[in-house]
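Please explain how the parts of this protein are held against one another. Take the charged pairs, then the helix packing, then the aromatic rings and the backbone of the loops.

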Amino acid sequence: MKQKQQILQLLGLAVRARMLISGEELVVKDIRNNRAKLVIISTDASDNTMKKIQDKCNSYNVELHVFGDRSDLGHATGKAERVVLAINDQGFAKKLIELLNEFNRG
């Protein structure tokens, strides 16, 4: 549970640093413009959204992680429910990838 809290807190910090974009269309735009360093999608995203984001990340070689549900991501970013987030800073992305890999290992 500690790692999940760390990830959510880091997402909040990224929002305050203006290094996080949320919303499907904005994230897809950032992936296309090679600004997204890491994309996080919620576990309860629709199949259609999941496929669209996975395909974009694969074709533009952006790391993708599935983490939390839409209310977790929304709460962490201080907004309503969020399904897709993109991190635009290499430093934040690197730390989040470390934490996400640890979290997924169990």
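In this predicted model, the count of salt bridges comes to 7. One of them joins the side chains of E24 and K52, with N and O 3.1 Å apart. E24 belongs to helix α2 (residues 24-32) and K52 to helix α3 (residues 47-60), so this salt bridge ties together parts that are 28 residues apart in sequence. Neither end is buried: E24 is partly exposed, with a relative accessible area of 27%, and K52 is partly exposed as well, at 33%.

Another salt bridge stays within a single helix. K95 and E98 meet through their side chains at 3.8 Å, N to O. Both residues lie in helix α5, 3 residues apart, which is about one turn of the helix. An α-helix has 3.6 residues a turn, so residues three or four places apart point the same way. K95 is partly exposed, with a relative accessible area of 41%, and E98 is partly exposed at 37%. Elsewhere, salt bridges that share partners join E24, E25 and K52 into one network.

The network leads back to the two helices α2 and α3. Their axes come within 10 Å and cross at roughly 15 degrees. An angle under 35 degrees counts as roughly parallel, so α2 is roughly parallel to α3. The crossing in which α2 passes α3 is left-handed. On the α2 side the contact is made by E24, E25, V27, V28, I31 and R32. On the α3 side the residues are T49, K52, I53, K56, C57 and Y60. E24 and K52, the salt-bridge partners described above, are thus both part of this helix contact.

Helix α2 also holds D30. Is D30 buried or exposed? With a relative accessibility of 4%, D30 is buried, because the cut-off for buried is under 20%. This residue takes part in a salt bridge with R35, and the closest N and O atoms are 2.8 Å apart. The partner R35 is partly exposed at 39% relative accessibility. Leaving aside residues up to four places away in sequence, D30 touches I21, R35, A36 and N88.

A second helix contact involves α1 and α4. Their axes are 7 Å apart and the helices pack at an angle of about 50 degrees. The two are therefore oblique to each other. From α1 the contact uses K4, L8, L11, G12 and V15, and from α4 it uses D72, L73, A76 and T77.

Which residues of α4 are buried? They are D72, L73, G74, A76 and T77. These buried residues pack against α1 (2-16) and against the strands β1 (20-22), β2 (38-41) and β4 (84-87). After α4 comes G78, which has a positive phi near 75 degrees.

The aromatic rings can be dealt with briefly. A pair of aromatic rings is described by the distance of the centres and the angle of the planes. In this model the count comes to 1 aromatic pair. The rings of F67 and F103 have centres 5.2 Å apart and planes at 80 degrees, so the pair is edge-to-face. F67 sits in the loop between β3 (63-66) and α4 (70-77), while F103 is in helix α5 (residues 90-105), so the pair ties together parts 36 residues apart in sequence. The two rings sit in unlike surroundings: F67 is buried at 1% relative accessibility, whereas F103 is partly exposed, with a relative accessible area of 29%.

The last topic is the backbone of two loops. Most residues other than glycine have a negative phi, and most peptide bonds are trans. N34 has a positive phi, near 55 degrees, and is not a glycine. N34 is found in the loop between α2 and β2, and is exposed, with a relative accessible area of 52%. N61 also has a positive phi, about 55 degrees, although it is not a glycine. N61 lies in the loop between α3 and β3 and is exposed at 73% relative accessibility.

Note on methods. Residues numbered from 1 in each chain as written. Predicted model: local features only at pLDDT ≥ 70, side-chain atom pairs only at ≥ 80, totals over all residues. Heavy atoms only, no water. Phe/Tyr/Trp six-rings, centres within 6.5 Å; stacked < 30°, edge-to-face > 60°. Helix = DSSP H or I, 4+ residues; strand = E, 2+ residues; numbered from the N terminus. Buried < 20%, exposed > 50% of the residue type's maximum accessible area, 1.4 Å probe, protein only. Salt bridge = Lys/Arg side-chain N within 4 Å of Asp/Glu carboxyl O. Axes fitted to C-alpha atoms, helices over the stretch in contact; angles between N-to-C directions. Parallel < 35°, antiparallel > 145°, perpendicular 65-115°, else oblique. Left-handed = near helix turned anticlockwise from the far one by under 90°. Contact = heavy atoms within 4.5 Å.
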